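Dear colleague,

I am handing over the structure we spoke about, and below it I set out what was found in it. Please read the notes with the coordinates open beside them.

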Amino acid sequence: MARTSSTTRLAVLSASALLLPGVAAWGAMGHEAIAYVASNFVATGTKTYFQDLLGDTSADYLASVASWADSYRYTSAGAFSAPFHYIDAQDNPPSSCSVDLDRDCGDDGCVVTALANYTTIILDSGKTKAARAMAAKMVIHFTGDIGQPLHCENLETGGNGIDVSYDGEDTNLHAIWDSDIPESISGGSTLASAKSWATSLTTAIKSGTYKSQAASWVEDVSVSSKSDIEAMAVEWATESNAYVCSTVLVGGVSAVEDKELDGAYTTKAQPVVSLQIAKQGYRLAKYLDAIVAAA
Ligand SMILES: *[C@@H]1O[C@H](CO)[C@@H](O)[C@H](O)[C@H]1NC(C)=O
Ligand SMILES: [Zn+2]
């Protein structure tokens, strides 16, 4: 009986966690889009390696696990991993944005140290395949999270504490950056929307808007040491956090608090969201390639 009730509690907890706006990172659709972009760029050997590790030979092998970490963090077994989804930059937006690992990464870890930790676990042949598969799911997810500007910001719990309105609904600033703005670009919250958005972002990387910058996005991709991985991740976080000053909170909290943001605000945010999704997807491809090269 005890077992039944605790299972029930867990199920209720996970179900309600999925409904809480703004506590996850990019909504599932954003994470899936990043994963599909990555699938479109990984080397053939990388695809085989991760299909085997994840036990999924379908084309969706990365997208299917891309938001697993967001449900795991709300289970009792996974609660320890909640701080791994963000870094609490204690800067002062919109006048000054910055990330400092010593200042901003808490004692329980953050997205920067988590990326290094789980990469090391994937590469550790002494770990079980299950532990390495879980580490892969973490790396796939956190490479996405770090690109969401409000996951690299401490103010108002990454904007969760800033009430806003979107399409007439009460929500918060973090939630609209996770889901509403990405969905306003892709046209929906389904796996199919993620896939078609990823297809257009892939074209933009190969031959369109992003073609000239894509190589620079992956210059610092490295898995050589924990400190190299952390230095790379701090750069990614710094870039993401800079959008808090330039876009997310460009007019300060008062410019967004209790305001309707499905309009001019969203129009200005969309190019940043598309860029961050494309960039983290391309980085994820090259990062997974580097892991396989080092394995
Ligand atoms: C590394 O990952 C393991 C396995 O999930 C976890 O127990 C540990 O707390 C993590 N360590 C750091 C520093 O993130
Ligand atoms: Zn997350």
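Does Cys105 count as buried or exposed? Cys105 counts as buried, at 14% relative accessibility, because the cut-off for that class is under 20%. Please keep in mind throughout that this is a predicted model, and that the values below are computed from it.

**Disulfides and the remaining cysteine**

Cys105 is bonded to Cys110, with 2.2 Å between the two sulfur atoms, and the angle of -100° about the S-S bond makes this link left-handed. Its partner Cys110 is also buried, with a relative accessible area of 1%.

The structure holds two disulfides, and the other one joins Cys97 to Cys245, whose sulfur atoms are 2.1 Å apart. Here the angle about the S-S bond is 100°, and the link of Cys97 and Cys245 is right-handed. This pair links distant parts of the chain, since Cys97 sits in the loop between helix 4 (68-72) and helix 5 (101-104), while Cys245 belongs to helix 12 (residues 226-248), with the two positions 148 residues apart. The two ends also fall into separate accessibility classes: Cys97 is partly exposed, with a relative accessible area of 24%, whereas Cys245 is buried, with a relative accessible area of 14%. When the bonded cysteines of the protein are numbered in sequence order, the pairing reads 1-4, 2-3.

Why is Cys152 not bonded to Cys110? The closest cysteine sulfur to that of Cys152 is the one in Cys110, and because the distance is 9.2 Å, whereas a disulfide needs sulfur atoms within 2.5 Å, the two are too far apart for a bond. Cys152 is nevertheless buried, at 0% relative accessibility.

**The ligand site**

Around ligand 1 stand Phe80, Phe84, Asn117, Tyr118, Ile121 and Met134. Two of these residues place polar side-chain atoms by the oxygen atoms of the ligand: a polar side-chain atom of Asn117 lies 2.3 Å from an oxygen atom of ligand 1, and an N or O atom in the side chain of Tyr118 is 2.7 Å from an oxygen atom of ligand 1. On its own, ligand 1 has 360 Å² of accessible area, of which the protein covers 54%.

Which helix gives the most to the shell around ligand 1? That is helix 6 (residues 111-122), which contributes three residues. Sorted by class, the shell around ligand 1 consists of five nonpolar residues and one polar residue, with no charged residues.

**Backbone geometry**

Most residues other than glycine have a negative phi, and most peptide bonds are trans. Against that background, three places may deserve a look when you go through the backbone. The peptide bond from Pro93 to Pro94 is cis, with omega near 5°, and Pro94 lies in the loop between helix 4 and helix 5, the loop that also holds Cys97.

Glu156 is not a glycine, yet has a positive phi of about 50°; this residue is found in helix 8 (residues 156-159) and counts as partly exposed, at 39% relative accessibility. Asp258, likewise not a glycine, has a positive phi of about 60° and is found in the loop between helix 12 and helix 13 (264-294). Asp258 is exposed, with a relative accessible area of 61%, because the cut-off for that class is over 50%.

**The surroundings of Tyr36**

Tyr36 is found in helix 2 (residues 28-41) and counts as buried, at 5% relative accessibility. Once its neighbours within four places in sequence are left aside, Tyr36 is in contact with Ala59, Asp60, Ala63, Leu191, Ala194, Lys195 and Ala198. With Asp60, one of these residues, the side chain of Tyr36 makes a polar contact of 2.9 Å. Tyr36 can also be set beside Trp197: the two are 161 residues apart in sequence, while their C-alpha atoms are 9.0 Å apart in space.

With kind regards

Notes
Residues are numbered from 1 along each chain as its sequence is written. Chains are lettered from A and ligands numbered from 1 in the order in which they are written. This is a predicted model: local features need pLDDT of at least 70, side-chain atom pairs count only at pLDDT 80 or more; totals for chains, interfaces and linings use all residues. Side-chain values use heavy atoms; hydrogens and water are left out. A residue is near a molecule or strand if one of its heavy atoms lies within 4 Å of it. A polar contact is a pair of N or O atoms within 3.5 Å; within protein, one must be able to donate a hydrogen and the other to accept it, and residues adjacent in sequence count only if both atoms are side-chain atoms. Accessible areas come from the Shrake-Rupley method with a 1.4 Å probe; for residues, only the protein chains shown count as cover. Helices (H or I, at least four residues) and strands (E, at least two) are DSSP runs, numbered from the N terminus. Ala, Val, Leu, Ile, Met, Phe, Trp, Tyr, Cys and Pro count as nonpolar, Asp, Glu, Lys and Arg as charged, and the others, Gly among them, as polar. Buried means under 20% relative accessible area, exposed over 50%, partly exposed in between (1.4 Å probe, protein chains only). Contact means heavy atoms within 4.5 Å.
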